[in-house]
Structure formats: C-alpha cells, structure tokens
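Hi everyone, thanks for making time this morning. I'd like to walk you through one model, starting from the inside and working outwards.

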Amino acid sequence: MNKLDTTKRAHILNRLIEGMSMRAASRVAGVLINTVTKLLVEAGEACAAHHDETVREVETRRVQCDEIWSFCYAKERNVARAKKASAGAGDVWTWTAIDGDSKMILAYEVGDRSGETAIEFMDNLRARLANRVQLTTDGHKAYLEAVEGAFGDDVDYAQLVKLYGSLDAGKSAARRYSPAECTGIIKRRVEGNPDPAAVSTSYVDRQNLTMRMGMRRFTRLTNGFSKKVENHLHMLALYFCHYNFVRIHKRLKVTPAMAVGVDSRLRDMEWIVSLIDARAPKPNRPKTYRKKQVSN
C-alpha cells in the first residue's frame with residue numbers, strides 16, 4: 001500500500017492548521033481528498049491520545065474557561081429540514097480551559113451547552129490539575145453545579161458576567177453581523193477566596209479568536225463548516241496538540257507546554273506525524289510455505 005512520506009504529511013497537516021480547507025489542501029498537495037481525510041483522522045486520534053496521556057498533574061495558579069460556538073452540517077434551527085443530516089448535526093459547542101500563565105489548553109470538551117456537558121468538562125479539567133487554582137468562567141449557570149461537583153470547596157472560583165447594550169433595531173446588518181457593545185462587567189465570587197484582580201476571561205476569549213482564525217470550521221458566514229462531527233473532533237484534537245506543543249507563543253517565546261513544564265523540547269509537525277506512526281499497527285510478516293516433498 002502506498003504511503004505518503006513524513007514531509008508530505010507534515011505539509012498537509014500544516015495547511016489544515018493554518019486554516020485551509022480539506023479540499024484546498026488536497027488540491028495544493030496533489031493528493032486525493034480521501035487521503036487528506038484519512039490523515040486528519042489518524043492525526044486527531046494520535047493527538048487526542050497524547051493530550052490525554054501527557055497533560056496531567058499540571059501545576060498552575062489561575063484557569064479561565066469559556067465556550068465557543070460552531071455547527072456541524074447545518075445550524076440547529078435548520079436540522080429538521082436538512083435532507084441528509086447525520087448524528088451530531090446542529091450546533092456544536094467547544095468548552096476550553098486555558099492556563100492564564102503558560103497559555104496552555106488544559107482541557108476541552110465538545111458537545112452542547114447543557115449542564116451535562118459542563119459536568120464532563122469540569123471533571124476532565126479537575127483530573128489534570130495538581131493543585132488548588134483560581135478559576136474564572138462567564139456567567140453561564142451550568143458552570144455552578146459542574147464546578148461544585150468537580151472541585152467542591154477546593155477552588156477559588158468567580159464568575160465574570162458581561163453586560164451588553166442593545167443594538168439599534170433599525171440597523172439590521174449591524175444587528176446580524178456585529179456583537180452588541182459590552183457596557184460593563186460584574187465580578188461575582190462563588191467559592192473560596194478568589195483575587196478580584198485576577199478574575200478575568202481575557203486569555204480564553206483571545207484563544208477563541210485564535211481558534212476562529214486558525215480553523216476554517218469555525219469561520220463565520222462561510223461554507224467551511226464541519227460536515228461530520230467526527231472530523232470536527234479530529235481537527236480540534238490536532239489544533240490543540242499543535243497549539244500546546246508546536247506553536248511558539250509570541251510573548252512567552254516558547255510553547256505553552258514548555259512554559260508550564262509538561263514538555264522540555266520544541267516540537268514540530270513532523271513530530272505529530274511520528275505520533276501517528278507510533279500508533280500504526282505493525283505490518284504482519286508474510287507467511288512462508290515449504291514445498292511438501294512427494295515420495296516416489
């Protein structure tokens with residue numbers, strides 16, 4: 001079976017990371033779309049496994065959490081009318097937790113915006129921390145029960161609630177394409193003794209912007225949205241692994257994984273390809289047959 005070399009696969013994955021669509025990457029690389037799809041699946045599985053195994057017992061002081069919206073196949077309101085909507089079609093929310101110091105993505109969860117997903121997300125985050133932290137989220141009510149169940153009283157938790165003004169009803173374009181103006185914030189202590197000066201979601205909000213700029217699946221008002229939720233998950237796993245272990249943070253001058261002490265080396269995309277190869281099953285040795293001797 002023909003197999004692309006390491007350099008070729010790294011180039012394709014780099015194009016996906018920089019926001020190129022799968023079909024565009026296949027055209028530029030001169031390979032079939034099925035080849036790109038298979039590579040994305042393999043990379044997503046390898047990166048998800050590496051994140052799960054490596055990002056453990058992380059020592060940090062402050063964590064910020066948020067959710068970012070996208071959709072798969074069709075927006076939620078259009079799923080009922082969609083002809084070939086598969087399982088997972090509709091609105092998809094990605095929950096992320098970022099270390100405020102190293103900017104490392106500590107945990108992420110993909111699902112809806114319900115309390116059930118929030119509980120899974122917070123349990124995932126808690127399992128990756130080594131110490132008590134100051135936690136900040138937005139005012140989403142689902143966080144309250146989720147944080148209580150995961151951390152109990154072993155957390156300094158505050159919510160940052162943003163207040164928005166209303167857009168001019170006469171400006172339909174502005175109402176549709178522009179967010180409302182933030183007119184103020186409220187810092188609400190929920191558990192423990194959080195430092196008011198450190199109650200912020202600025203870093204995780206900026207990370208959401210980076211995700212929208214770096215993944216075509218998150219770009220608004222385009223046809224680049226995910227068609228299959230499985231590929232959406234694989235792309236997220238690839239993105240987070242690249243962001244944590246490969247991409248140098250402009251201010252820190254190292255990768256987030258190096259800044260927090262999870263990794264000591266600067267990685268590259270060929271290293272991610274090596275993660276794929278490490279998980280590949282070893283080829284079976286061909287069977288040998290001996291000619292049976294026939295006696296006269």
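I'll go through the core, one helix, the salt bridges and a few backbone details. Please keep in mind that this is a predicted model.

Let's begin with the core. The largest nonpolar core has 66 residues, and the members touching the most other members are Leu13, Met122, Leu125 and Leu135. Helix H8, residues 229–245, supplies the largest share of this core, with 9 residues. As a general reminder, nonpolar side chains in soluble globular proteins tend to be buried together.

What does Leu135 touch, leaving aside residues up to four places away in sequence? Its contacts include Met122 and Leu125, both of which are also on that list of best-connected core members. Leu135 also touches Val63, Cys65, Val147, Phe151 and Val155, and then the run Asp156, Tyr157 and Ala158.

Next, helix H2, which spans residues 22–29. Its buried residues are Met22, Ala24, Ala25, Ser26 and Ala29. Which helices do these buried residues pack against? They pack against H1, residues 6–17, and H3, residues 33–54. Just after H2 comes Gly30, with a positive phi of about 75 degrees.

Now the charged pairs. The count comes to 13 salt bridges, and I'll pick out three.

One is between Asp277 and Lys3, at 3.3 Å from N to O. Asp277 sits in helix H10 and Lys3 in the segment before H1, so this pair links parts of the chain 274 residues apart. Asp277 is partly exposed, at 29% relative accessibility, whereas Lys3 is exposed at 56%.

Another joins Arg61 and Asp101, 3.1 Å from N to O. Arg61 is in the loop between H3 and strand S1, and Asp101 is in the loop between strands S2 and S3, so the bridge ties together parts 40 residues apart in sequence. Here Arg61 is exposed at 57%, while Asp101 is partly exposed at 24%.

Then there is Asp205 with Lys162, where the closest N and O atoms are 2.8 Å apart. This pair connects helix H7, which holds Asp205, to strand S5, which holds Lys162, and the two residues are 43 apart. Both are partly exposed: Asp205 has a relative accessibility of 24%, and Lys162 has 32%. There is also a network, in which salt bridges with shared partners join Arg126, Arg132, Asp154 and Asp156. You may remember Asp156 as one of the contacts of Leu135.

Let me turn to Ser200, in the loop between strand S6 and H7. A polar atom of the Ser200 side chain lies 3.1 Å from the backbone nitrogen of Ser202. Leaving out residues up to four places away in sequence, Ser200 touches Gln64, Thr136 and Leu160.

Finally, backbone angles. Most residues other than glycine have a negative phi. Which phi values go the other way here, at residues that are not glycine? Glu57 is one of them, with a positive phi of about 50 degrees. Glu57 is in the loop between H3 and S1 and is exposed, with a relative accessible area of 57%. Lys253 is another, with a positive phi of about 70 degrees. Lys253 lies in the loop between H8 and H9, and it is exposed too, at 62%.

That's my tour, and I'm happy to go back to any part of it.

Key. Residues are numbered from 1 along each chain as its sequence is written. This is a predicted model: local features need pLDDT of at least 70, side-chain atom pairs count only at pLDDT 80 or more; totals for chains, interfaces and linings use all residues. Side-chain values use heavy atoms; hydrogens and water are left out. A nonpolar core is a set of buried Ala, Val, Leu, Ile, Met, Phe, Trp, Tyr and Cys residues joined through side-chain atoms within 4.5 Å. Buried means under 20% relative accessible area, exposed over 50%, partly exposed in between (1.4 Å probe, protein chains only). Helices (H or I, at least four residues) and strands (E, at least two) are DSSP runs, numbered from the N terminus. Contact means heavy atoms within 4.5 Å. A salt bridge is a side-chain nitrogen of Lys or Arg within 4 Å of a carboxyl oxygen of Asp or Glu. A polar contact is a pair of N or O atoms within 3.5 Å; within protein, one must be able to donate a hydrogen and the other to accept it, and residues adjacent in sequence count only if both atoms are side-chain atoms.
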